[in-house]
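This report describes the architecture of one protein chain for a reader who has the model at hand. Please keep the display in view while reading.

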Amino acid sequence: GQCITHCPTGALRERDDTDRVFDALADPEKIVVVQVAPAVRTAWGEPFGLPREKATAQRLVTALKGMGFDYVFDTDFSADLTIMEEGSELVEHLKHPEGVKFPMFTSCCPGWVRYCKARHPRFTDQLSTSKSPGQMFGAIAKSYYAELLGVDPHRIFCVEIMPCLAKKAEVDIPVLNDACGDPDVDVSLTVREVDRMIRAEHIDVFSLAETDFDQPLGTATGAGVIFGATGGVMEAALRSAYYLVTGENCDADAFKDVRGLDGWKEASFDIAGTTLRVAVASGLGNANRLLNALEAGEVSYDFVEIMACPGGCSGGGGLPIHDGEELAGVRGDVLWGLDRVAKLRRSHENPAIQAVYRDYLGAPLSERAEELLHTNQHAWKMPREA
Ligand code: SF4
């Protein structure tokens, strides 16, 4: 996906879905729900010259409400949900290693999932079956949330705002329609598209007040926030895996060795007497090196996070572009800062997540959770395989 933005000849045009969203907003039958991904809050204000500390998620919520979105929610909420499912999957694998191939790979980055399926298909079996946070959100919006609202889920039009171009292909994967048969997410917008919508609506970003996300899909922990930075998914997963194994909370910073912008990081941690060897890679060149080393038997891990963009989603291909400037680091620092001051920093402590499990899903990896929140990574083919 990223190559489109970096096409040197400009011959490839980026897909623009803003008209589909404006049409949905104008349709009185539709309930238009939007979710905002973690990394979006680090960068949406850049083209307007809005200082980073002013370009908060809460000011973007106000802008989106001004455009007519009915409910504005936080993908950080469903990142917490992803952690509950993916962390439980990891713990299950560790408890019952018979027949399991290690490492388990994260699956929240569709750029990486596509790369794995196309270039290193022998690892497809080892991808977590957990859907990405954006897709989990869509499946919950058109099931649990439709029930809470008491509306036909077919009326819900689900938009996601992502730092990402690969997400546009992800929402089109035909098997990701588990809630009601319609696509779980209808449209994936990049931050560049949303910034264009803000301009088109003549919204003055400098005079926006702050508005909180709607509830209950707007409550998140620091663990959900750091999904947007390299190492964040790993760290969030380990904070909850530790709890799932020991029944106790670790220090929220116990796994901070996986932070930082190095393209390929390694660490090992002791969890209840078991040593867990992990690695984190960002950028597909680094991913390729790591996979080749795994294949050659030069390294071995239990759990690996891979994000296609250098620095993770804070370096995402759908964020504003500033020629020659690499901003993944400063943007990622915004997320680590939000985590540091968050009241709750572990996904399993999120009261909205606890409520979804109590009232709807039962438990992580339950039958309903499997149906809505997991996918078979072999169930769809890359376009050129079709
Ligand atoms: Fe998308 Fe890049 Fe984030 Fe992957 S790392 S989800 S390709 S923005």
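## Two sheets and their helices

In one open sheet, 4 strands are arranged in the order S3-S8-S7-S6, with mixed pairing. Strand S3 (104-105) and S6 are the edge strands, each having a single partner strand, so one side of each is left without a neighbour in the sheet. The model under discussion is predicted.

Helix H9 (residues 232-246) packs on this sheet and touches S6, S7 and strand S8 (303-307). The direction of H9 makes about 10 degrees with that of S6. Helix H10 (residues 284-295) also lies across S6, S7 and S8, and H10 runs at about 140 degrees to S7.

Strand S6 (residues 264-271) and strand S7 (residues 274-282) run antiparallel and are joined by 8 bridges. Two residues of these bridged strands illustrate the register: glutamate 266 has alanine 279 in S7 as its bridge partner, and serine 268 stands opposite arginine 277 in S7. The hairpin formed by S6 and S7 has 2 residues between the strands, and in this hairpin alanine 272 takes a positive phi near 50 degrees.

A further open sheet contains 4 strands in the order S2-S1-S4-S5, and its pairing is parallel. Its edges are strand S2 (71-74) and strand S5 (187-190); each has a single partner strand, so one side of each is left without a neighbour in the sheet. On average, neighbouring strands of this sheet are turned by 25 degrees against each other, direction ignored.

Strand S4 (residues 156-162) runs parallel to S5, and 4 bridges join them. Glutamate 160 stands opposite serine 188 in S5. H5 packs on the sheet and touches S1 and S4, its direction making about 155 degrees with that of S4. Helix H1 (residues 18-26) lies across strand S1 (31-36), S4 and S5.

The following table collects the angles between helices and strands.

| Helix | Strand | Angle |
|---|---|---|
| H9 | S6 | about 10 degrees |
| H10 | S7 | about 140 degrees |
| H5 | S4 | about 155 degrees |
| H1 | S5 | about 120 degrees |

## Helix H12

Which residues of helix H12 (residues 351-361) are buried? They are Ile353, Val356 and Leu361. Seen down the axis of H12, these buried residues fall within an arc of 55 degrees, so they line one face of the helix. A general rule is relevant here: an α-helix has 3.6 residues a turn, so residues three or four places apart point the same way.

The buried residues of H12 pack against helix H3 (75-95), helix H5 (133-149) and helix H13 (367-373). The face of H12 turned away from its buried side carries the exposed residues Pro351, Gln354, Arg358 and Asp359. After H12 comes glycine 362, which has a positive phi near 85 degrees.

## The ligand shell and histidine 154

There are 13 residues around the ligand, and Cys109, Gly111, Cys164, Cys309 and Gly316 come nearest. The shell divides into 8 nonpolar, 4 polar and 1 charged residues.

Histidine 154 lies in the loop between H5 and S4. With 14 other C-beta atoms within 10 Å, histidine 154 is partly exposed. Not counting residues up to four places away in sequence, histidine 154 touches Cys180 and Asp182. From C-alpha to C-alpha, histidine 154 and isoleucine 321 are 36 Å apart in space, and they are 167 residues apart in sequence.

Definitions and conventions. Residues are numbered from 1 along each chain as its sequence is written. This is a predicted model: local features need pLDDT of at least 70, side-chain atom pairs count only at pLDDT 80 or more; totals for chains, interfaces and linings use all residues. A residue is buried if 20 or more other C-beta atoms lie within 10 Å of its own, exposed if 12 or fewer, and partly exposed in between; C-beta atoms are placed from the backbone. The arc is that of the directions from the helix axis to the C-beta atoms. Two residues are in contact if their C-beta atoms, placed from the backbone, lie within 7 Å. Two strands pair if DSSP finds at least two bridges between them. Axes are lines fitted to C-alpha atoms, for helices over the stretch in contact, and angles run from 0 to 180 degrees between N-to-C directions. A residue is near a molecule or strand if its C-beta atom, placed from the backbone, lies within 6 Å of it. Ala, Val, Leu, Ile, Met, Phe, Trp, Tyr, Cys and Pro count as nonpolar, Asp, Glu, Lys and Arg as charged, and the others, Gly among them, as polar.
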